[in-house]
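Got the viewer open? Let's take a short walk through this one, picking out a few things to select along the way.

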Amino acid sequence: MDALKETIRAMALDAGFSRVRILAPFILSENASGFIKRGVLQDRWGESSPSLLVAALPYGNEDAAAGCASAEQDIEENCRAYIAPFARRNYYKEAVKRLQKLSQTFRRLFTGINAGGIHADRRSSYRIFCNSPIPEKPLALACGLGSQGRNSLVITPEAGSLVIIAAMTLPFPLESDAPESNRSVCVRCGFCVEACLTKAIRREGGIERNKCIQWYASGNEASVPRHIAEQWGRRLYGCTACQDVCPHNKKPIRGVETREGILPAYVDARKLLAMSDEEIKTFFKGTAMGLSWLKPKHIRRSARLALACAGGSQNKSI
Ligand code: SF4
Ligand code: SF4
């Protein structure tokens with residue numbers, strides 16, 4: 001089975017993933033009890049698939065919005081609301097597409113393999129999780145896709161934290177890859193703690209979500225407290241201050257190319273505020289901001305905060 005595991009890993013790396021690990025369900029149930037409680041994995045994965053492929057797709061630190069500058073020149077300076085690089089392409093969709101293609105190859109190559117009634121040539125044997133109700137971070141940590149940084153993100157050796165994580169069930173009983181050693185990736189560093197304007201990162205590690213700009217930008221909570229609103233800046237979506245300073249993200253990291261869900265670096269916040277719900281949904285449809293839980297009211301809230309910060313009138317909670 002080792003040869004099969006390495007074949008699968010090599011094929012996934014060939015498909016553009018920067019790191020690929022294998023996880024067996026029993027490892028998961030020992031290390032991620034929080035997710036077992038939800039019953040999701042046991043019902044939909046744990047008992048029906050012998051192993052899981054967990055992969056990192058790099059979006060890198062090149063400017064994904066290069067080429068969109070002409071559209072941005074038309075936006076008045078104080079109306080510009082910023083979209084972070086990770087959201088300027090739909091890397092989640094791209095990861096799913098790549099895994100789907102991989103599963104088609106597996107189905108063709110592994111026809112005839114039948115592990116305990118799970119058939120390798122059936123589409124249903126390869127279920128894909130990406131930005132789904134199953135949080136990928138514990139899966140990633142359990143099989144050594146990366147280590148958890150002080151900023152709570154998964155840091156991978158190849159592409160730092162500039163990756164999105166996706167997973168796919170496999171119909172073969174493969175041995176789990178080991179987690180990364182306990183060696184901290186954050187030794188003698190605390191750059192992210194200092195860089196976070198809202199003091200959301202604990203020095204001992206971990207995030208206080210109710211202080212994190214990205215938590216609110218993702219549509220959480222009914223209102224944004226004043227001290228968070230004051231630090232909002234021009235962001236429409238995506239705070240990356242704690243990633244920008246991380247030494248693990250400083251080397252050149254090549255992101256995968258994709259045409260999925262292209263968004264510019266800046267959009268016109270004033271125009272967004274004038275749009276109806278339907279118009280906002282249409283504008284962001286198919287993009288990383290077209291998520292079901294990110295409602296037009298949340299996008300408007302971020303646009304108002306960005307405008308308020310640009311105009312210097314941010315002294316209120318929104
Ligand atoms: S995303 Fe922004 S607000 Fe949240 S922890 Fe990182 S730097 Fe702080
Ligand atoms: S900036 Fe430093 S402390 Fe923060 S996650 Fe990166 S390595 Fe760890």
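Select Val20 and look across to strand 2: its bridge partner there is Ala55. Keep in mind that you are looking at a predicted model. Now widen the selection to residues 19-23, which make up strand 1. Strand 1 and strand 2 pair in the antiparallel sense, over five bridges.

Next, add strand 9, residues 163-170. Strand 9 and strand 2 also run antiparallel, joined by eight bridges. For one of these pairings, pick Leu57 in strand 2 and find Ile164, its bridge partner in strand 9.

Now stay on strand 2 itself, residues 51-58. Are its residues buried or exposed? Eight of the eight are buried. Colour the two faces separately: Ser51, Leu53, Ala55 and Leu57 sit on one side, with Leu52, Val54, Ala56 and Pro58 on the other.

Zoom in on Leu53. Its contacts include Val20 and Ile22, as well as Ala167, Met168 and Leu170. Ile8 and Ala12 touch Leu53 too. Leu53, Val54 and Ala166 have the most contacts inside the largest nonpolar core, a set of 82 residues. Domain 1 (2-61 + 91-170) and domain 2 (191-311) both contribute residues to this core, so it lies between them.

Last stop: ligand 1. Show the residues around it, among them Asn151, Cys196, Thr198, Cys212 and Cys239. Helix 9 (213-217) and helix 11 (241-244) are the elements that each give two or more residues to this shell. What classes of residue does the shell hold? Nine are nonpolar, three are polar and none are charged.

Conventions:
Residues numbered from 1 in each chain as written. Chains lettered and ligands numbered in written order. Predicted model: local features only at pLDDT ≥ 70, side-chain atom pairs only at ≥ 80, totals over all residues. Buried ≥ 20, exposed ≤ 12 C-beta atoms within 10 Å, placed from the backbone. Helix = DSSP H or I, 4+ residues; strand = E, 2+ residues; numbered from the N terminus. Pairing = 2+ DSSP bridges. Near = placed C-beta within 6 Å. Nonpolar A, V, L, I, M, F, W, Y, C, P; charged D, E, K, R; others polar. Core = buried A, V, L, I, M, F, W, Y, C linked by C-beta atoms within 7 Å. Domains from an automatic or database assignment. Contact = placed C-beta atoms within 7 Å. Lists of a residue's contacts leave out its neighbours within four places in sequence.
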